[in-house]
Amino acid sequence: MNTQPAQSIAANFQPLWTQTMRPGLLNNLVDLITRASGRERTNFAVRAPAVDEPIVEVPACTQEDVILALNRARKAQQEWAESPVRERKQIVLRLHDLILQRQETMLDLLQMETGKARRDALEEVLDVAQACRHYAFRAESYLQPKWRKGALPLLTRTWELRHPIGVVGFISPWNYPLTLTLSDAIPAMLAGNAVVVKPDSQAPLAALLGLQWLREAGLPGDVLQVVTGPGADLAKPLIAGVDYICFTGSTTTGRSIARQAGENLIGCSLELGGKNPMLVLHDADIDRAVHGALRGCFANAGQLCISCERLFLQDPVYDRFLHQFIKRTSNLKIGPEKNFDVGMGSLISRGQLDKVDAHVRDAVRKGAVILAGGRARPDLGPFFYEPTILARVTQEMRVWQEETFGPVVSVCPFGDIEEALRMANDSPFGLNASIWTRDVRQGQRLAVRMRCGTVNINGAYAAAWGSVDAPMGGMKASGIGRRHGVEGFARFTESQTIAQQNLIPVGPWPFVKAGFYARVMTAALRLLRHIPGLR
Ligand code: NAD
């Protein structure tokens, strides 16, 4: 394992969160949190996981604060919805430019509050820019009324409208705190909605900096509100007051959000956990596949919903792949530094570290073998854990059954492709999958048979995630609904159908007998089946 002495790492890391932040920036961010005035409240500390030291105190918002945010959002929404879409588009494009221009500040902040490696923080910045560009240039056409086929050809004129749904709530996790707030909120706002965001308490600052830049880009004050504090307390009034709830987080919390959305009869999208398989076939390009597996398994220290936790290797390449994979995993540079050479950063918290270690210990106790890693690295920082490869993993082990959400992957050999497909699909989750083969047609045939919302051929996750034009989300216990693409926009709108009937009504005609009407309609439908363009 490539490491540096602890002291030089600490010295390197110190400027990350003391000197590089503009003076006052953090306090300015805290001032953006929506709070009802004059109330006693408690604060909580946001900590830098890489050193487990407090960065800044943030208010634990109350239920009254959430209601205030909702009221403000609702007031602002009407005017926002009436503003021309091209004005909204310009605001989002200005955010796009700001986020690319000022990426260093955002990367520092993301590294500081999550402990992630800089290359992982960069993925967030690039993702938000992609989402801004994609939706800014498409919002107008998505919102344009669309002609639809009428009930009676030529006699019915029908069109479909898309209205903003109103106020949309977002509850987001800590692992990609910028992406999983802004990249979803952008289409919601472009559609004419106001937004209330509740970020995770461990990492609320990136969303706040995003809000600050959105305001600089021209977003009217109350269109996006942020409230901070415990999800269990704030979710209830939030869900009770919004018209749609967009949740990203664990499957357990997702079920509770779905129940509350059901009670309130509002729509929801749930982006939940995964236990994602990667299949390396006998004809795969091994160099590329190993490189892909390193990113696929250890990006964001494995705290990535679409990361790979189960790696299936076909017998002929098992040894060759594993030899390279172990070597490169053991050489992966881990640490808290602010440069792009670091391959992996810290885990978010003691709780996450304990969970990862518990999965590894449980597996070893039941007979698994550690091929690389398998231990914490307190010499680098309190929550660092080595990238870990396990073999001889069996179904009784937690690491096989549950989402670890850490830098741990289980390798499993297979002979027959049908066997690999069966094992890969044998999971309550169905989020993301990856297939490596030189025979891309074979890859495509297998992809269709994977019960996962996204499948990457000769890629780990970025190809599918980065295809913002295509839907992204989970099957089975990995979620409901989709982000990205038209679906990721349409979920924030309410459709309305307007149909105008000319000359004769749909239904029995007043000037003829009902029996005649029945015969004419039956004949007309028989005919329509055969007329291209009117079918
Ligand atoms: P979590 O469910 O504990 O927390 C997510 C959010 O929900 C946080 O803002 C939290 O404050 C809030 N929350 C917690 N308990 C709540 C409750 N009882 N009621 C309402 N809100 C509550 O999730 P986590 O463990 O912090 O995040 C990791 C999980 O998120 C993993 O399972 C990961 O796979 C999943 N995830 C999924 C995606 C995706 O796109 N599918 C993306 C990122 C993370």
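**Group meeting: the ligand, the cores and a buried glutamine**

Let me begin at the ligand, where one of its oxygen atoms sits 2.7 Å from a polar backbone atom of S172. Before going further, I should say that what you see here is a predicted model, and please keep that in mind throughout.

Staying with the ligand, there are 26 residues around it, and those that come nearest are S172, S250, T253, L272 and E403. S250 offers a polar side-chain atom, which lies 2.8 Å from an oxygen atom of the ligand, while for E403 an N or O atom in the side chain is 2.5 Å from a ligand oxygen atom. As for how much of the ligand is covered, it would expose 850 Å² if taken alone, and the protein buries 85% of that area.

Let me turn now to the nonpolar interior. The largest nonpolar core has 90 residues, and the members that touch the most other members are L29, F170, M189, L205, L224 and I245. Helix 6, which covers residues 118–143, supplies the largest share of this core, with 10 residues. There is also a second, separate core of 72 residues, and A289, F325, V409 and W465 are among its members.

To take one residue from the larger core as an example, M189, leaving aside residues up to four places away in sequence, touches W80, R88, V195, L214, L219, V223 and L224.

One of those partners, R88, brings us to helix 4, where it is one of the buried residues, alongside V85, K89, I91, V92, L93, L95, H96, L98 and I99. This helix runs over residues 85–101, and its 17 residues reach 24 Å from the first C-alpha to the last, which is close to the 24 Å expected at 1.5 Å a residue. What do the buried residues of helix 4 pack against? They pack against helix 3 (63–82), helix 5 (103–114), helix 6, helix 7 (179–190) and helix 8 (205–216).

My last stop is Q225, which belongs to strand 7, residues 224–226. Is Q225 buried or exposed? Its relative accessible area is 1%, and because that is under the 20% cut-off, Q225 counts as buried. Its side chain reaches the backbone oxygen of D222 at 3.0 Å. Around it, again not counting residues up to four places away in sequence, Q225 touches T34, A69, R72, A73, V195, V196 and V197. V195 is therefore a residue that we have met before, since it is also touched by M189.

Methods
Residues are numbered from 1 along each chain as its sequence is written. This is a predicted model: local features need pLDDT of at least 70, side-chain atom pairs count only at pLDDT 80 or more; totals for chains, interfaces and linings use all residues. Side-chain values use heavy atoms; hydrogens and water are left out. A nonpolar core is a set of buried Ala, Val, Leu, Ile, Met, Phe, Trp, Tyr and Cys residues joined through side-chain atoms within 4.5 Å. Buried means under 20% relative accessible area, exposed over 50%, partly exposed in between (1.4 Å probe, protein chains only). Helices (H or I, at least four residues) and strands (E, at least two) are DSSP runs, numbered from the N terminus. Contact means heavy atoms within 4.5 Å. A residue is near a molecule or strand if one of its heavy atoms lies within 4 Å of it. A polar contact is a pair of N or O atoms within 3.5 Å; within protein, one must be able to donate a hydrogen and the other to accept it, and residues adjacent in sequence count only if both atoms are side-chain atoms. Accessible areas come from the Shrake-Rupley method with a 1.4 Å probe; for residues, only the protein chains shown count as cover. The expected span of a helix is 1.5 Å times one less than its number of residues.
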